[in-house]
Amino acid sequence: MTQIQPFIVRRQLLATRMQSGIAIIPTAPERLRNRDAHYPYRFDSYFYYLTGFREPEAVLVIIAETDKTPAKHILFCREKNQEREIWDGYRYGPEAAREMFGFDAAYPISKLDELLPQLLADQPAIHVALGLDPAWDQRIVGWLNRVREQTRTGVTVPGKIQDCRVLLDEMRLIKSTDELQIMQRAADISVQAHQRAMQTTRPGMREYEIEAELLYTFYRHGAQAPAYTSIVAGGANACVLHYVENDAELKADDLLLIDAGCELDGYASDITRTFPVNGKFTAVQRDVYQLVLAAQAAAITQVKPTNTWNDPHQAALRVLAQGFIDLGLCQGSVDAVLESGDYKRFYMHRTGHWLGMDVHDVGEYKQKGEWRLLQPGMALTVEPGCYIRPADNVPEYLWNIGIRIEDDVIVTQTGHELLTAAAPKMVAEIEELMQ
Ligand SMILES: [Mn+2]
């Protein structure tokens with residue numbers, strides 16, 4: 001059983017930051033894959049962040065304290081049901097859920113439409129994620145109208161609707177120690193998966209065989225799912241940024257790019273490694289690889305408080321632009337290449353993203369129009385790359401080389417810490433592991 005205290009503390013913090021009113025936060029719905037078969041269930045990140053509760057069909061209600069009443073945390077969840085539990089498995093039911101997850105009250109989810117209008121009445125503000133799900137929006141509007149129908153009895157309708165994600169995104173952006181511990185464990189599993197992929201890869205195998213090794217390692221170590229669809233891209237496929245077919249044959253002289261990470265207890269990891277299918281870099285492959293590696297090192301150095309979100313990206317860009325000039329891919333000075341954006345033919349994405357419960361995690365990248373400062377507890381990826389598609393003025397010996405190197409980085413008081421440092425990325429390390 002997960003420690004429940006951190007979830008209670010987060011609910012208390014949200015209630016304080018709301019200042020007044022009521023927050024309504026549902027978990028994710030179950031989704032059909034085909035006919036009556038469902039996709040594997042994944043709770044909503046906001047809901048889980050505040051509850052630790054993993055069952056579907058649940059709604060969290062938080063009421064901020066007033067002069068007269070303390071703050072209140074309420075859960076709506078599925079009732080105990082002997083018949084359904086035989087088919088679908090254990091469910092807590094309101095009574096046990098209230099006790100186990102530290103709520104002030106819990107009710108059956110079937111009571112939602114009856115109780116919500118009562119809870120909404122006389123609240124000054126309602127905090128919800130509007131626009132996330134049209135059906136859910138409709139339900140909220142319905143409850144508000146139910147309150148409005150009763151105004152002649154003296155109740156008032158919430159006068160303000162606020163997006164609770166604004167507060168929650170800022171909370172989620174700064175990871176606590178217990179969150180970072182889970183993220184480290186997720187990263188450790190993904191590191192092992194990448195090591196196993198390197199050790200297993202041989203010319204003639206199919207990309208999906210390597211994907212199977214990744215998934216095997218994730219599940220074997222207790223991860224609940226891949227955090228996103230794994231990219232296993234040999235040769236030219238590596239130049240397709242979101243390649244997910246994963247069915248081509250691996251050729252001896254090609255590179256293999258793997259972008260894969262597991263999700264553990266609600267938290268994502270996200271690693272990319274690129275290595276030669278036959279275990280030995282050619283001279284050309286090594287030159288481009290060392291360039292991306294140098295760009296990554298320059299970017300990681302910039303991850304520290306007092307620097308902005310954009311500084312690692314700028315550092316990577318400078319190294320890559322110089323490298324593209326040296327390789328004959330771009331012409332002119334570094335400044336000219338950066339200015340014109342000519343580098344985008346070979347590096348068209350940014351150098352990272354926030355990482356957390358969602359692989360592309362929540363949190364604003366700019367504040368009042370300026371790149372925001374990095375702060376201790378932020379988690380991000382650093383993932384420069386180089387993708388050389390066949391083109392007229394590109395030397396043919398460089399065609400179809402696609403390389404990305406990605407690590408998960410935490411901002412600390414003094415600088416940064418890598419969660420994924422143990423995944424081999426030096427040329428000598430990779431070649432030795434693959435021998
Ligand atoms: Mn990433």
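Let's start at isoleucine 62, which touches Arg11, Leu14, Ala15, Met18, Gly21, Ile22, Ala23, Lys72 and His73, leaving out residues up to four places away in sequence. Touching, or contact, means heavy atoms within 4.5 Å. Isoleucine 62 sits in strand β4 (residues 59–63), and its relative accessible area is 0%, so it is buried. Here buried means under 20% relative accessible area, exposed over 50% and partly exposed in between, with a 1.4 Å probe and protein chains only. Helices (H or I, at least four residues) and strands (E, at least two) are DSSP runs, numbered from the N terminus.

A word on what you're looking at: this is a predicted model, in which local features need pLDDT of at least 70 and side-chain atom pairs count only at pLDDT 80 or more, while totals for chains, interfaces and linings use all residues. Residues are numbered from 1 along each chain as its sequence is written, and side-chain values use heavy atoms, with hydrogens and water left out.

Now zoom out. The protein has 13 helices and 21 strands, and its C-alpha trace spans about 80 × 50 × 40 Å along the principal axes. Of the 435 residues, 53% are buried. Take the contacts between residues at least 6 apart in sequence: 70% of them join residues at least 24 apart.

Next, the inside. In soluble globular proteins, nonpolar side chains tend to be buried together. A nonpolar core here is a set of buried Ala, Val, Leu, Ile, Met, Phe, Trp, Tyr and Cys residues joined through side-chain atoms within 4.5 Å. The largest one has 115 residues, and Ile25, Leu75, Leu168, Ile258 and Phe324 touch the most other members. Helix α8 (residues 177–200) is the top contributor to this core, giving nine residues. Domain 1 (5–170) and domain 2 (174–434) both supply residues, so this core lies between them; the domain bounds come from an automatic or database domain assignment. For a close-up, pick leucine 168: not counting residues up to four places away in sequence, it touches Leu14, Ile25, Tyr46, Tyr49 and Leu50. Apart from the largest core lies another, of 23 residues, including Ile63, Leu116, Ala121 and Leu144.

On to the metal. Which residues hold the manganese ion's protein donors? They are Asp270 (OD), His353 (NE2), Glu383 (OE) and Glu406 (OE), lying 2.0 to 2.5 Å from the ion. Donors are N, O and S atoms within 2.8 Å of the metal (3.2 Å for Na, K and Ca), and sites may look incomplete because water is not among the atoms. Read along the sequence, the donor residues follow the spacing D-x82-H-x29-E-x22-E. Aspartate 270 comes from the loop between β13 (267–268) and β14 (271–276) and glutamate 383 from the loop between β17 (379–382) and β18 (385–388), so the pair ties together parts that are 113 residues apart in sequence. Aspartate 270 is buried, at 3% relative accessible area, and glutamate 383 also counts as buried, at 8%.

Strand β17 turns up again at a cavity. On a 1 Å grid over the protein atoms alone, a cavity is a set of points where a 1.4 Å probe fits but cannot get out, and lining residues have an atom within 4 Å of a point. Grid points are joined across faces, edges and corners, and a volume is the space filled by probe spheres set on the points. The structure holds one cavity of 30 Å³ or more, and the largest cavity contains about 60 Å³ of space. Its lining is made of Trp309, Pro312, His313, Arg350, Thr351, Gly352, Leu380, Thr381 and Val382. Two elements, α11 (310–326) and β17, give two or more residues to that lining, and β17 gives the most, with three. To tie this back to where we began, the C-alpha atoms of isoleucine 62 and threonine 381 are separated by 33 Å, with their positions 319 residues apart along the chain.

Finally, a few loop residues. Serine 230, in the loop between β9 (225–226) and β10 (231–234), is buried at 2% relative accessible area. Arginine 35 lies in the loop between β2 (32–34) and β3 (37–38); it is exposed, at 78%, and has a positive phi near 50° despite being a residue other than glycine. Glutamate 57, in the loop between α2 (45–51) and β4, also has a positive phi, near 55°, but counts as partly exposed, at 42%.

Notes:
1 Å grid on protein atoms, 1.4 Å probe; cavity = no way out; pocket = protein on both sides within 12 Å on 5 of 7 lines; lining within 4 Å.
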